[in-house]
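Thank you for sending this structure for comment. Please keep the sequence and the 3D view open side by side while you read the points below.

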Amino acid sequence: MHGKRLLCAALLAACAGGAFADELVLANGDRLTGKVVSKETDEVVFHTDYAGDLKVRWADVRGLTTDGPVKLYMEDGRRVKGRLRTEADGTVVVVGEGAEQGTPVDIAKLRYLNPSVDVSGEGARLSGHANAGYSSTAGNTETTKLYVDTELVARTLGNRYTLGARGSRAEDHDVETESNWLGYLKYDHFLTKKWYGYANGDFENDRFKDIRLRSTVGLGSGYQFFESEKTNLLLEGGVNYVRTDFYADADEDYPAARWAVKYDHLLFGSRTQFFYAHEMYVGLDNVENTFLRMQTGLRVPLFGSLNATAQYNVDWDNNPPAGRVRTDRAVLLTLGYTW
């Protein structure tokens, strides 16, 4: 009988140990159990099985106990790694992982908890997407069309690097009816949390707009209103040098003012994303030399990192070559991958 009792106690202890989770103690006495995710702002993200990720104001936290090691970044620059334990008197201590046993932590002076590599300054966070759309008809109508676009963004604590490209090609009865591509790159250096300076460049080819190669390079500044997984919004302005090599028309080059907006937002608490971006170039020596590129759309998740995108693109050139129209429009449906 005594042996059975010991066995039951051991099983209960094992179950309790397996079920042990992080615990968040609030100022009003409430206790949340789950898993601490991170703290990068004035809120801590805490995951629970019953309500998903909760955001709790850090000012309302009075205690935190963790089942495993966490990374703590203090306001004074100290970095500590270990398990957290809340004592009976409310003191929070860190143990293990190189920390002295029972080292007290002033959670009011905690800047980050488990921050991402770009926030901590220890690396780069990569994000981006790759989309492709294809259509084909055969019989009395024989057409094919291919569209691709991709973008890669590397974000560090003080810098952001963007590299992207898009292009399309179409045929009708083996006769080419569309052929264009655009490649772009950009470097942003953050002077403050919101303000940054940038250098940008892009290179465009569009046979049916008579553009053999249009290149733009320039400098400017921008303001990052929002930057998060849910919402991103930036506004930019600067000066560029534009040079266009035409197939038939006379080549041209001129300085231009650049204006750009880029916005995306997750809708209704879901992973469906609305996005909008445009950039306009206005000739400084002749305002007739003005052109605009704009993309608007919805990116809908399918499963995992795969998604479907419905997109509307507009390219407008106020002063096109002879025989060309000002505006090109495209409605696109693509499948893609995000990371």
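The numbered points below concern a predicted model, and they go from the barrel to its ring pairs and then to single contacts.

1. I would begin with the barrel, in which 12 strands close up in the order β11-β12-β13-β14-β15-β16-β17-β18-β19-β20-β21-β22, with antiparallel pairing. If the direction of the strands is ignored, neighbouring strands of this sheet are turned by 20 degrees against each other on average.

2. Within that barrel, it helps to look at β19 and β20, which run antiparallel and are joined by 10 bridges. One residue to find here is F275, whose bridge partner in β20 is G297. The face of F275 is also worth a look, since R299 lies over this face, at 4.6 Å from the ring centre.

3. How many aromatic pairs does a search of the whole structure find? The search finds eight, and one of them is formed by Y161 and Y187, a tilted pair with 5.2 Å from centre to centre and 35 degrees between the planes. Because Y161 belongs to strand β13 (residues 159–172) and Y187 to strand β14 (residues 175–190), this pair ties together parts that are 26 residues apart in sequence. Y161 is partly exposed, with a relative accessible area of 41%, and Y187 is likewise partly exposed, with a value of 33%.

4. Another pair to examine is that of Y281 and F291, which is stacked, with 4.9 Å from centre to centre and 20 degrees between the planes. Y281 lies in strand β19 (residues 273–283) and F291 in strand β20 (residues 290–303), so the parts tied together by this pair are 10 residues apart in sequence. Are these two residues, Y281 and F291, buried or exposed? Both of them are buried, whereas Y161 in the previous point is partly exposed.

5. Two further places involve aromatic rings and deserve a careful look. Ring pairs link W195, Y223 and F225 into a cluster, and R155 lies over the face of F190, at 4.0 Å from the ring centre.

6. Finally, please turn to T65, which is found in strand β5 (residues 61–65). The relative accessibility of T65 is 14%, and T65 therefore counts as buried, the cut-off for this word being under 20%. A polar atom of the T65 side chain lies 3.1 Å from the backbone nitrogen of T86.

Technical notes: Residues are numbered from 1 along each chain as its sequence is written. This is a predicted model: local features need pLDDT of at least 70, side-chain atom pairs count only at pLDDT 80 or more; totals for chains, interfaces and linings use all residues. Side-chain values use heavy atoms; hydrogens and water are left out. Rings of Phe, Tyr and Trp (its six-membered ring) pair if their centres lie within 6.5 Å; planes under 30 degrees apart count as stacked, over 60 as edge-to-face and the rest as tilted. Helices (H or I, at least four residues) and strands (E, at least two) are DSSP runs, numbered from the N terminus. Buried means under 20% relative accessible area, exposed over 50%, partly exposed in between (1.4 Å probe, protein chains only). A charge sits over a ring if NZ of Lys or CZ of Arg is within 6 Å of the ring centre and within 35 degrees of the ring normal. A polar contact is a pair of N or O atoms within 3.5 Å; within protein, one must be able to donate a hydrogen and the other to accept it, and residues adjacent in sequence count only if both atoms are side-chain atoms. Two strands pair if DSSP finds at least two bridges between them. Axes are lines fitted to C-alpha atoms, for helices over the stretch in contact, and angles run from 0 to 180 degrees between N-to-C directions.
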